[in-house]
Amino acid sequence: MSNAYRVSVNFPEPERDLLQALCMADFRPPDDQLRYLVFSEAKRRGILTDPSKHESAVSALQGGDGAFVTHPS
């Protein structure tokens, strides 16, 4: 059994448009983009101390070659 759980978020249109713009800029689907944002914010706040414990978030941040993707060109 997985420890993952589903979250449903209803965004107003302006926020939905922002999410779509972020997805397009970073070449990520919405679920990966949201995972990336949560992971990045936790890291920024110092809450995330061991990224290896968060495999799904780490994989959302990595490109196909395993390198971390910050903003693909």
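This briefing describes the fold, the surface and the salt bridges of one protein chain.

The model is a predicted one, and the protein chain in it has three helices and zero strands. Read from the N terminus on, its elements follow the order α-α-α. The chain counts 73 residues, and buried residues make up 18% of them.

**The chain as a whole**

- Among the contacts in the protein chain with a separation of 6 or more, 30% are accounted for by residues 24 or more positions apart.
- The accessible surface of the protein chain comes to about 6,000 Å², and 56% of this surface belongs to carbon and sulfur atoms.

**A nonpolar patch on the surface**

- Three residues, Tyr5, Val7 and Val9, make a nonpolar surface patch of about 360 Å².
- Val9, one of these patch residues, lies in the segment before helix 1, which runs over residues 13-26.
- Val9 has a relative accessible area of 45%, and it therefore counts as partly exposed, since that class lies between the 20% limit for buried residues and the 50% limit for exposed ones.

**Helix 1 and its two sides**

- Helix 1 has 14 residues, which at 1.5 Å a residue should span 20 Å, and this agrees with its end C-alpha atoms, which are 20 Å apart.
- The residues of helix 1 that are buried are Leu19, Cys23 and Asp26. Around the axis they cover an arc of only 85°, which means that they lie on the same side of helix 1.
- The face turned away from this buried side carries Pro14, Leu18 and Met24, which are exposed residues of helix 1.
- Helix 2, which runs over residues 30-45, is included in what covers the buried residues of helix 1.

**The turn from helix 1 to helix 2**

- Phe27 follows helix 1 and is found in the loop between helix 1 and helix 2.
- The phi of Phe27 is positive, at about 55°, although this residue is not a glycine.
- Phe27 has a relative accessibility of 60% and so counts as exposed, because the cut-off for that class is over 50%.

**Helix 2: span, buried residues and end**

- The 16 residues of helix 2 should span 22 Å at 1.5 Å a residue, and its end C-alpha atoms are 22 Å apart, so the expected and the computed values agree.
- In helix 2, the buried residues are Gln33, Tyr36, Phe39 and Ala42.
- After helix 2 comes Gly46, which has a positive phi, near 80°.

**Salt bridges along helix 2**

- The structure holds four salt bridges, and the bullets below describe some of them, including the one between Asp32 and Arg35.
- An α-helix has 3.6 residues a turn, so residues three or four places apart point the same way. This general point helps in reading the pairs that follow.
- Asp32 forms a salt bridge with Arg35, and their closest N and O atoms are 2.6 Å apart. Because they are three residues apart in helix 2, Asp32 and Arg35 are separated by about one helical turn.
- Both partners of this bridge are partly exposed, since Asp32 has a relative accessible area of 23% and Arg35 has one of 30%.
- Glu41 forms a salt bridge with Arg44, with the closest N and O atoms 2.7 Å apart. These two residues, Glu41 and Arg44, are three residues apart in helix 2, which means a separation of about one helical turn.
- Arg45 also forms a salt bridge with Glu41, and here the closest N and O atoms are 2.6 Å apart. Arg45 and Glu41 are four residues apart in helix 2, so about one helical turn separates them. Salt bridges that share partners thus join Glu41, Arg44 and Arg45 into one network.
- Within this network, Glu41 is partly exposed, with a relative accessible area of 28%, whereas Arg44 is exposed, with a relative accessible area of 63%, and Arg45 counts as exposed at 58% relative accessibility.

Methods. Residues numbered from 1 in each chain as written. Predicted model: local features only at pLDDT ≥ 70, side-chain atom pairs only at ≥ 80, totals over all residues. Heavy atoms only, no water. Buried < 20%, exposed > 50% of the residue type's maximum accessible area, 1.4 Å probe, protein only. Contact = heavy atoms within 4.5 Å. Areas by Shrake-Rupley, 256 points an atom, 1.4 Å probe, with all protein chains shown as cover. Patch = residues over 30% accessible without salt bridge, like charges linked within 9 Å, V, L, I, M, F, W, Y side chains within 5 Å. Salt bridge = Lys/Arg side-chain N within 4 Å of Asp/Glu carboxyl O. Expected span 1.5 Å × (residues − 1). Arc of directions from axis to C-beta.
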